[in-house]
Amino acid sequence: MQTTLDKQTNGTAARPQEYIAPNVNIFETQEGYVLQAEMPGVGKDGLEITLEGTEITITGRRAPESVVGEPLFRERHTADYRRVFELDPAIDTSKVSAKINQGVLTVTLPKSERVKPRKITVD
Amino acid sequence: MNIVRWNRPMLSSLPTFGGLSTLRSEIDRLFDAPLTELARASQFLSGAAPAVDVYENKENFVVKAELPGMKKEEIDVSLHDGSLSISGERNEEKVENGEMYRSERFFGRFQRTVALPASVDAAKITAQYKDGVLTVTLPKAEEAKPKQIDVQVN
């Protein structure tokens, strides 16, 4: 089986500072792929997932945070998240679904019926 | 370095040193490894300590920590000797019958302690968890609040 979902870029070369790449876990099952991306600070409204050709782009914009005072110490990124993955041609792009829970995006990418392993009963 | 290079063909020509020579080239390779690999290793280790921001306003200190994908019950917030500790354990979100394809997320125990620059009112600390970000608001103790003193003119 060929390498299927693979990291392609960490943002675009033209705007290197604008995004950070979220950490991801990717699983393959018989039914398809599951991608989990950590995007703390991003809510449902800040998500944008686009499928174009053989690529999936996930973009997460941080929900605006109210100013709470003078920063004494800062470690958290302020940049939005973005990452592009190449898709396995076996994925049925019309059936891709996504949800976000406490800053973790889960994208389910089912394989199309024709590539799923199938048992044929002998008469 | 030169002496080592000179020795190399002699060592590998002896059968007993074959393994040693492989080990040495392996160590050489390790030191030649691109820095990006080391950077990745440090990123992996930092997973155990979530990134935090600390803010201060007149009334409160506000600590924000990035803790994606947790349950409220799994996060432990405590105050001890003027230091705020955020700890917990992130349990792996497994996919049934799934084969791991890429693994970058951190799972396991983590802890982070932030020393607060002034005393706070422990009884009034509140914590909120939203979109994977924990926000802890720590009201300053009365003696730590800025005070306006009127200047008296005689």
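Q: How many of the seven residues of strand β2 (residues 60–66) of chain B are buried?
A: In this predicted model, strand β2 of chain B has partners on more than a single stretch of the chain: β1(B) pairs with β2(B) in the antiparallel sense over five bridges, and β8(B), residues 133–139, pairs with β2(B) in the antiparallel sense over seven bridges. Strand β2(B) is largely enclosed by the rest of the structure, because the number of its seven residues that are buried is six.

Q: Which residue of β8(B) stands opposite B:K64?
A: B:K64 lies in β2(B), where B:K64 is the bridge partner of B:D53. Strand β2(B) also pairs with β8(B) over seven bridges, in the antiparallel sense. In β8(B), the residue opposite B:K64 is B:T135.

Q: How many residues lie between β1(B) and β2(B) in their hairpin?
A: Strand β1 of chain B covers residues 52–56 and is joined to β2(B) by five bridges in the antiparallel sense. The two strands form a hairpin, and the number of residues between them is three.

Q: Is B:D121 buried, partly exposed or exposed?
A: B:D121 sits in the loop between β6 (108–115) and β7 (126–130) of chain B. Leaving out residues up to four places away in sequence, B:D121 touches B:P139 and B:A141. A residue needs 20 or more C-beta neighbours within 10 Å to be buried and 12 or fewer to be exposed; B:D121 has 14 inside 10 Å and therefore counts as partly exposed.

Q: How far apart in space are B:D121 and B:V136, C-alpha to C-alpha?
A: Along the sequence, B:D121 and B:V136 are separated by 15 residues. Their C-alpha to C-alpha distance in space is 13 Å.

Q: Which strands are at the edges of the open sheet of three strands in chain B?
A: This sheet has the order β3-β4-β6 in chain B, with antiparallel pairing. Within it, six bridges join β3(B) to β4(B), residues 83–90, and B:L79 has B:L84 as its bridge partner in β4(B). The strands that pair on one side only are β3 (75–80) and β6 of chain B.

Q: Which strands stand at the edges of the open sheet of five strands?
A: The order of this sheet is β9(A)-β10(A)-β4(A)-β3(A)-β5(B), with antiparallel pairing. Each edge strand has a single partner strand, so one side of each is left without a neighbour in the sheet, and these strands are β9 (97–101) of chain A and β5 of chain B.

Q: Which residue of β5(B) stands opposite A:E28?
A: Strand β3(A) and strand β5 of chain B, residues 99–103, run antiparallel and are joined by four bridges. Opposite A:E28, in β5(B), stands B:E99.

Q: How many residues does chain B give to the contact between the chains?
A: On the side of chain A, the elements that give two or more residues are β3 (24–28), β4 (32–38), β5 (42–52) and β7 (70–74). That side of chain A divides into 14 nonpolar, eleven polar and six charged residues. Chain A gives 31 residues to the contact, and the number from chain B is 29.

Q: In β10(A), what is the bridge partner of A:E38?
A: Strands β4(A) and β10(A) run antiparallel and are joined by seven bridges. The partner of A:E38 in β10(A) is A:V104.

Q: Which residues touch the most other members of the largest nonpolar core?
A: This core has 20 residues, and β3, β4, β6 (55–62), β8 (80–86) and β10 (104–110) of chain A each supply at least two of them. Beyond four places in sequence, A:L105 is in contact with residues including A:A37, A:L47, A:I58 and A:I100. The members that touch the most others are A:Y33, A:L35, A:A37 and A:L105.

Q: Over which residues of chain B is the pLDDT below 50?
A: Chain B has an average pLDDT of 80, and 74% of the residues score at least 70. Where pLDDT is low, the predicted coordinates should not be read in detail. The stretch with a pLDDT below 50 has seven contacts beyond near neighbours in sequence, and it covers residues 1–13 of chain B.

Methods. Residues numbered from 1 in each chain as written. Chains lettered and ligands numbered in written order. Predicted model: local features only at pLDDT ≥ 70, side-chain atom pairs only at ≥ 80, totals over all residues. Contact = placed C-beta atoms within 7 Å. Nonpolar A, V, L, I, M, F, W, Y, C, P; charged D, E, K, R; others polar. Pairing = 2+ DSSP bridges. Core = buried A, V, L, I, M, F, W, Y, C linked by C-beta atoms within 7 Å. pLDDT = per-residue confidence, 0-100.
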